[in-house]
Structure formats: C-alpha cells, structure tokens
Amino acid sequence: AECVSGCVCPEGLFDDGKGGCVEEKDCPCIHNNQWYSPGQKITVDCNTCTCQKGVWSCTEDVCYGTCTIYGSGHYITFDGKFYDFDGSCEYVATQDFCGDKNSGGSFSIITENVPCGTTGVTCSKAIKMFLGKTELKLENKDYKEIQRDVGDDVHYWNRTVGLYLVIEASNGVMLIWDKKTTVFIKLTPDYKGKVCGLCGNFDGKSNNDFTTRSGLQETNALKFGNSWKQSSMCPDVTQEIKPCDVKPHRKSWAEKECSIIRSEVFKICHSKVDPIPFYEACVHDACSCDSGGDCECFCSAVAAYAQECTKAQACVFWRTPDIC
C-alpha cells in the first residue's frame, strides 16, 4: 500500500515511496521494512510470494505445522500460541486420538516433565512416541524401541542432523529432539484440526488452543495443562512459578545474558519474530536453572529464538567461542 497515486507525481504515475515516480507495473513491494522490486520473490513459510504492481501475490500451499516445547516449561503451539506450564508428570504433547472415545488414531507423543533446578520449574526429560504398535522412548541422549501387541504398523526412519535426532514416520509425523530439553513436533497438513494436547489443535486459530481433554475451552494455562496429564496420581499445578522472584540474586545475571536476544546480533530477525516472549522465557530459565546446567538452559532459550528466526528466513550466527 506504499505505492499510491497523488499530487506528488504526474498523472498516471505513482509515488514509489523512495522519492521517485513510476508506472504502476514498476511499483515496489514492502515486507518486514524491506523494499522489493517487481518480480522479486520471497519465501514465507513454505509459500513463495512474488511482487506484482506493488502487491504480493502468494502461492497457497498448506505448510507443515510445528509445535515447540523447550527449556523450563515453554510451549509454542502449532497455531503459534506462546505459554508457560510447569507440571511434574507425563503429559500428552499431541495426539490424534481426540473427541469421540472410539475414534481411531495413529500416533501419540507424551512428554515426561521433571523439576530442573530448585525453584520448582520443570523441563522435558523424556519423550514417548507411540506410532501404531511401536513405542519409542527418547531419554539420556538416546532412544529405544518397544514393540506392543496392539496397533497398526507405522514405519519410521531416524537420522542425526547437527545437534538433533530426527524421527520421521510414514504417517506424516516428525519429531526433532536436541537430546536435552528441546523438542519440535512437525505434522503434515492432513492433521489440521484433528489433533489435541498441550500443542493445541492445529486449526490455524490460536484463540482456541486451550481446549482441555474433555473438549472445554479454557483461558487458564494451568487448568488446560492439568487436563492433559497422563496419570491422576500426579498433583495439579496450582500456581505459576516465577523463578526470578524466588532467586532474586540471579535476576541481573539472567537479564544480562539474555539481552543477546534483543541485541544487534539478532537485529535482522526482530521485525520478523517478536523477541520479547523469547527474552522473557530466557530470563525465566536462566533464573531457574540453579543446580548446574545454567549455561545449557540459557543456550537452549537463545537457540529457540534462533530457530524461529531461521524459519522466518532470518539466519543469525550467534554462537561464539564465548557464547554456547
């Protein structure tokens, strides 16, 4: 909408927003505060957009959905809702056994959360992935396979990519694990609106992601999270933990370390992915990991932001010999 006709240009020409007058076919487009010439293409998610007469024209492919669980209880649902939940139990991260009790499903992913540090926050320690009759358990940097009697045959492959273990299944489910406290769950578009759990329902709307196991809409993250625990023996989470209030002496160190997310290093990404929730999550984690592994918690938090930046086409080289 930058390219408008007006009194600045002769009749039939348009102000190009840069002090020049151009014909309509030569109008540039703007995206994330950057200018693009007609015919230039950019990638947004899995779609390609082309600049035409000052307007973006995009392909409309449906993209993989990604849910992220990282650090001490941070969740980003398939539809992009960011929330915190610290429960010490096993929880359904996502599954397609939803709604009607008899509805068949092909997979379920469970996260086992345990306290990390002494403030009461929890981290994902182990992940169970049920694919038909195969159960995979990922913990202690490795995974093992258990065959069960019930279910279909679902084939899967595993590979290591950099720091990550990637498990890809024939039913369109992919799990990427950093062998510590970060897990990315990717689903093909076939699962849109057909999944449930802590990762939400993948229907493109984030305002209904807090749907409990019984199908009710919640506004409170704690009630929503509690409904997805696997065992009724685990206690419910009743209050949100604020580790920097519990450990005030760590707060300034945490804020200083995490400021990298808001610094020049990530400047290229700031207009594409809002750094504030990631910065706050980083401070939360840096305060809470007080029984060893504090650098690991900090690094995982920054890596989570870097990963979102990469998805938004902003590659940031932030690791140095001094940082992570």
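**Aromatic pairs and a buried glutamate**

Phe278 counts as buried, since its relative accessibility is 4%, in a model that is predicted. Its ring forms a pair with that of Phe82: the two centres are 5.1 Å apart and the planes stand at 90°, so the arrangement is edge-to-face. Phe82 belongs to strand 10 (residues 82-84) and Phe278 to helix 5 (residues 276-288), so this pair ties together parts that are 196 residues apart in sequence. Unlike the buried Phe278, Phe82 counts as partly exposed, at 27% relative accessibility.

Phe278 also leads to a residue of another helix. Glu308 is found in helix 6 (residues 294-311), and Phe278 is among the residues that Glu308 touches, together with Thr68, Ile76 and Val273, when residues up to four places away in sequence are not counted. The relative accessible area of Glu308 is 14%; because buried means under 20%, Glu308 is classed as buried.

The count of aromatic pairs in the model comes to twelve. One of them joins Tyr75 and Tyr83, whose ring centres lie 5.1 Å apart with planes at 10°, so this pair is stacked. Both partners are buried: Tyr75 has a relative accessibility of 0%, and Tyr83 has 5%. Ring pairs further link Tyr75 and Tyr83 with Phe210 and Phe224 into a cluster.

Charged side chains also lie over aromatic rings. Over the face of Phe210, a member of that cluster, lies Lys81, at 4.7 Å from the ring centre. Arg262 is placed over the face of Tyr279, at 4.5 Å from the centre of that ring.

Notes:
Residues numbered from 1 in each chain as written. Predicted model: local features only at pLDDT ≥ 70, side-chain atom pairs only at ≥ 80, totals over all residues. Heavy atoms only, no water. Helix = DSSP H or I, 4+ residues; strand = E, 2+ residues; numbered from the N terminus. Buried < 20%, exposed > 50% of the residue type's maximum accessible area, 1.4 Å probe, protein only. Contact = heavy atoms within 4.5 Å. Phe/Tyr/Trp six-rings, centres within 6.5 Å; stacked < 30°, edge-to-face > 60°. Lys NZ or Arg CZ within 6 Å of the ring centre and 35° of its normal.
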